[in-house]
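Student: I'm new to this one. Could you walk me through it, one question at a time?

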Amino acid sequence: MNWDRVRAIATKEWIEVKANRMIVLGMAALPLIMVGITLVTAKLLADAGGGDLGLEEFVVPERLSHLTAKDAFIVLMNDQYILYLWLIPTLLPVSVAAYSIVGEKRERSLEPLLSSPVTTRELLVGKALTAIFVPTILGWASYGAVALGTWGLCNGAIALEVVRPIWLVGTICLTPLLALLGTTSAMMISTRATDVRSAQSIAGLGVLPIVGIASWVLVGQVYLTLNFVLVALIVILGVNLVLIRLTEKLFDREQILTRWK
């Protein structure tokens with residue numbers, strides 16, 4: 001693989017992303033909304049009285065038995081919202097990755113690349129790097145903002161639960177893997193899609209497992225563990241490897257060139 005060509009493609013992609021105002025606004029809006037909702041909810045719960053929260057029948061999970069019922073409830077709510085923060089690296093690459101192939105096909109700017117000596121792998125890696133980098137940074141920054149904000153808005157016991165190993169390991173390690181998952185899904189679908197919106201819509205279904213887990217945490221009062229995150233790391237890594245291979249196989253240069261003439 002020629003990394004100079006990969007770097008050139010990634011640079012080109014980054015310039016095009018910055019020039020697309022809708023993608024930039026979407027990248028900025030989602031983290032701000034998610035962080036804002038998380039911190040506002042934590043503050044409202046922290047200021048509410050125990051009776052106002054209706055915790056008479058709330059069962060404190062065994063692993064949170066060192067906390068009061070109110071603090072344990074806030075921690076569980078925070079856990080759900082921090083899970084939603086993982087939507088940031090999963091969703092944001094979808095727009096970039098889907099546009100990078102389908103958008104270029106529609107604008108007839110993909111043909112010069114496909115006709116050049118650049119290999120399929122170099123092309124896909126270059127496009128993927130741009131789609132992964134910014135969402136990963138934003139995912140890490142959003143978690144940092146939530147951790148700092150919770151420390152300032154809630155008591156120390158609640159704030160410490162936000163930075164326990166499950167979230168530190170999960171955020172540091174899972175964020176780039178989730179960004180890669182969103183990227184490879186969108187790129188794989190884009191090789192067969194005919195418009196950006198349909199590619200984004202189908203690839204966006206990848207967030208459903210995260211939403212389902214978050215709902216499971218809230219409704220089932222499930223306390224996530226580090227083992228759960230480690231298993232998730234292995235599973236997502238395996239899925240990514242499969243999707244990478246599929247994307248490379250499905251990216252038929254000749255078919256893309258002839259289909260869009």
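Tutor: Happy to. Keep in mind that this is a predicted model. Let's start with the charged pairs.

Student: How many salt bridges does the structure hold?

Tutor: Here's the background: side chains of opposite charge can pair when their charged atoms come close. One such pair joins Lys 43 and Asp 47, and Arg 164 takes part in salt bridges with Asp 79 and with Glu 161. The count for the structure is three.

Student: Take Lys 43 and Asp 47. Which helix do they both lie in?

Tutor: Their side chains meet in a salt bridge, at 3.4 Å from N to O. The two residues sit four apart in sequence, about one turn of the helix. That helix covers residues 21-47, and its name is α2.

Student: Is Asp 47 buried or exposed?

Tutor: The cut-off for exposed is over 50% relative accessible area. Its partner Lys 43 has 31%, so Lys 43 is partly exposed. Asp 47 has 53% relative accessibility, so Asp 47 counts as exposed.

Student: Now Arg 164 and Asp 79. How many residues apart are they?

Tutor: In their salt bridge, the closest N and O atoms are 2.8 Å apart. The pair links distant parts of the chain: Asp 79 belongs to helix α3 (residues 69-85), while Arg 164 is in the loop between α7 (156-162) and α8. Along the sequence, the separation is 85 residues.

Student: Are Arg 164 and Asp 79 buried or exposed?

Tutor: Buried means under 20% relative accessible area. Arg 164 has 10%, so Arg 164 falls below that limit. Asp 79 has 1%, so the word for Asp 79 is also buried.

Student: Which residues are linked in a network of salt bridges?

Tutor: Arg 164 also forms a salt bridge with Glu 161, with closest N and O atoms 3.6 Å apart. Glu 161 has a relative accessible area of 11%, so Glu 161 is buried. Put together with the bridge to Asp 79, the network is made of Asp 79, Glu 161 and Arg 164.

Student: What about the inside? Which residues touch the most other members of the largest nonpolar core?

Tutor: In soluble globular proteins, nonpolar side chains tend to be buried together. The largest nonpolar core here has 61 residues, and the elements giving two or more of them include α1 (3-19), α4 (87-106) and α11 (226-250). Leaving aside neighbours within four places in sequence, Ile 82 is in contact with Tyr 143, Val 146, Val 162 and Trp 167. The members that touch the most others are Ile 82, Leu 85, Trp 86, Trp 167 and Leu 174.

Student: And Asn 240? Which backbone oxygen does its side chain reach?

Tutor: Asn 240 lies in helix α11 and, at 1% relative accessibility, counts as buried. Beyond its neighbours within four places in sequence, Asn 240 is in contact with Leu 177, Leu 180, Leu 181 and Thr 184. At 3.0 Å, its side chain reaches the backbone oxygen of Leu 177.

Student: Last one, back outside. Which element gives the largest share of the nonpolar patch?

Tutor: The patch is on the surface, has about 800 Å² of accessible area together, and includes Phe 133, Trp 140 and Leu 168. Two elements give two or more residues to the patch: α6 (120-153) and α8 (165-190). Phe 133 is in helix α6, and its 55% relative accessibility means that Phe 133 counts as exposed. With four residues, the largest share comes from α6.

Definitions and conventions: Residues are numbered from 1 along each chain as its sequence is written. This is a predicted model: local features need pLDDT of at least 70, side-chain atom pairs count only at pLDDT 80 or more; totals for chains, interfaces and linings use all residues. Side-chain values use heavy atoms; hydrogens and water are left out. Patches are made of residues with over 30% relative accessible area and no salt bridge: like charges are joined within 9 Å, nonpolar side chains (Val, Leu, Ile, Met, Phe, Trp, Tyr) within 5 Å. Accessible areas come from the Shrake-Rupley method with a 1.4 Å probe; for residues, only the protein chains shown count as cover. A salt bridge is a side-chain nitrogen of Lys or Arg within 4 Å of a carboxyl oxygen of Asp or Glu. Buried means under 20% relative accessible area, exposed over 50%, partly exposed in between (1.4 Å probe, protein chains only). A nonpolar core is a set of buried Ala, Val, Leu, Ile, Met, Phe, Trp, Tyr and Cys residues joined through side-chain atoms within 4.5 Å. Contact means heavy atoms within 4.5 Å. A polar contact is a pair of N or O atoms within 3.5 Å; within protein, one must be able to donate a hydrogen and the other to accept it, and residues adjacent in sequence count only if both atoms are side-chain atoms.
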